[in-house]
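Trainee: Could you take me through one part of this model in detail? I would like to start from a single residue and then see how its surroundings fit into the whole.

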Amino acid sequence: MKDCCDAAASELTTLRERQRHVLQVVLAINTSMFLVEFGAGLVAHSTALLADSLDMLGDAFVYAFSLYVLGRGSRWQARAALLKGSVMAAFGIGVVAEVILKALRGVVPTAELIGGIGLLALAANLACLGLLLRHRHDDLNLRSTWLCSRNDVIANVGVLIAATGVALTGSAWPDILIGAVIAGVFAASAAGVLRDARRQLRAIATG
């Protein structure tokens, strides 16, 4: 029995170390890409790029907190998921505000810069998604983290569509519309993560 327990404990320790390494890598990627995308979004006057960069920043905070709660139990994981859901919701609201401002100002973004940075961000987020893929069913903490990364990939594809639309039409509206769609994705994911986190907290309280 002791050998069995020791083996299980060793396997859990190995799993936690793998999770920690993956989270450290995706944290570094997201922090770097936030800086690149935010600067490019300001230069290009792109709502889609700014929205995606802010999502990168939110994910960086999320991954850092995920590292903190790693192995701390289901209550902490549920709290981390609540934080992640709140971050997603907040950035969704921020993107909506940026969409409204862009529509009022009528500034046409730079399609070439949007497309180039969008491709770079997509490659970075696909790498993150691939790293997190095998851990998405480990627990609520890693599942909600994987959902954040999946949303990033969706947003990156949206950025590329926005760049194409701006290049073809010479209008800011493709960028504005894609920014609004990204905000909708944030809102839907936030609702799901918050729901799962509250369900787990209720189960812990009544268990």
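Trainee: What relative accessible area does L70 have, and is L70 buried or exposed?

Mentor: Happy to, and please keep in mind throughout that this is a predicted model. L70 has a relative accessible area of 8%, so it counts as buried, the cut-off for that class being under 20%. What makes this residue a nice starting point is its place in the chain: L70 belongs to the loop between α2 and α3.

Let us see what L70 meets. On the C-alpha to C-alpha measure, L70 is 8.1 Å from Q19, although 51 residues separate the two in sequence. Another partner is L23, whose contacts beyond four places in sequence include L70. The rest of that list for L23 consists of Y63, S66, L67, L132, L142 and T145.

L23 also leads us into the interior. The largest nonpolar core has 21 residues, and L23, V26, Y63 and L132 are those with the most contacts inside it. At least two residues of this core come from each of α1, α2 (47-69), α3, α4 (111-133), α5 (140-169) and α6 (173-206). The greatest contribution is that of α5, with five residues. There is also another core, lying apart from this one, with 13 residues, including F91, V99, A183 and F186.

Now let us return to Q19, which has a second partner worth a look. L131 and Q19 are 112 residues apart along the chain, yet their C-alpha atoms are separated by 9.5 Å. L131 is part of helix α4. With a relative accessible area of 32%, L131 counts as partly exposed, whereas L70 counts as buried at 8%. Beyond four places in sequence, the contacts of L131 are V22, V25 and V26. V26 is familiar by now, being among the residues with the most contacts inside the largest core.

Next, we can follow helix α1 to two polar residues. N30 sits in this helix, and its relative accessible area of 0% makes it buried. Setting aside neighbours within four places in sequence, N30 touches M56, D59, A60, Y63, N125, C128 and D152. Notice Y63 in that list; the contacts of L23 include Y63 as well. E37 is likewise found in helix α1. For E37, too, the relative accessibility is 0%, so this residue counts as buried. Its contacts, with neighbours within four places again left out, are L49, D52, S53, M56, I117, A121 and N156. M56 thus appears in the list for E37 and in the list for N30.

Helix α1 (residues 2-44) holds F34 and F38 too, four residues apart, or about one turn of the helix. The count of aromatic pairs comes to one. In that pair, the ring centres of F34 and F38 are 5.6 Å apart and the planes meet at 35 degrees, so the pair is described as tilted; planes under 30 degrees apart would count as stacked. The two rings differ in their cover: F34 is buried, at 15% relative accessibility, while F38 is partly exposed, at 31%.

For contrast, look at the surface. V96, I100, L101 and L104 make up a nonpolar patch there, with about 380 Å² of accessible area together. One of them, L101, is located in helix α3 (residues 74-105) and counts as partly exposed because its relative accessibility is 38%.

Finally, step back to the whole chain. Its secondary structure amounts to six helices and zero strands, in the order α-α-α-α-α-α from the N terminus. Of the 207 residues, 45% count as buried, and L70, where we began, is buried too. Links between residues far apart in sequence are frequent by count: among contacts between residues at least 6 apart in sequence, 81% join residues at least 24 apart. The accessible surface of the chain is about 9,800 Å², with 68% of that area belonging to carbon and sulfur atoms.

Conventions
Residues numbered from 1 in each chain as written. Predicted model: local features only at pLDDT ≥ 70, side-chain atom pairs only at ≥ 80, totals over all residues. Heavy atoms only, no water. Patch = residues over 30% accessible without salt bridge, like charges linked within 9 Å, V, L, I, M, F, W, Y side chains within 5 Å. Areas by Shrake-Rupley, 256 points an atom, 1.4 Å probe, with all protein chains shown as cover. Salt bridge = Lys/Arg side-chain N within 4 Å of Asp/Glu carboxyl O. Buried < 20%, exposed > 50% of the residue type's maximum accessible area, 1.4 Å probe, protein only. Phe/Tyr/Trp six-rings, centres within 6.5 Å; stacked < 30°, edge-to-face > 60°. Core = buried A, V, L, I, M, F, W, Y, C linked by side-chain atoms within 4.5 Å. Contact = heavy atoms within 4.5 Å.
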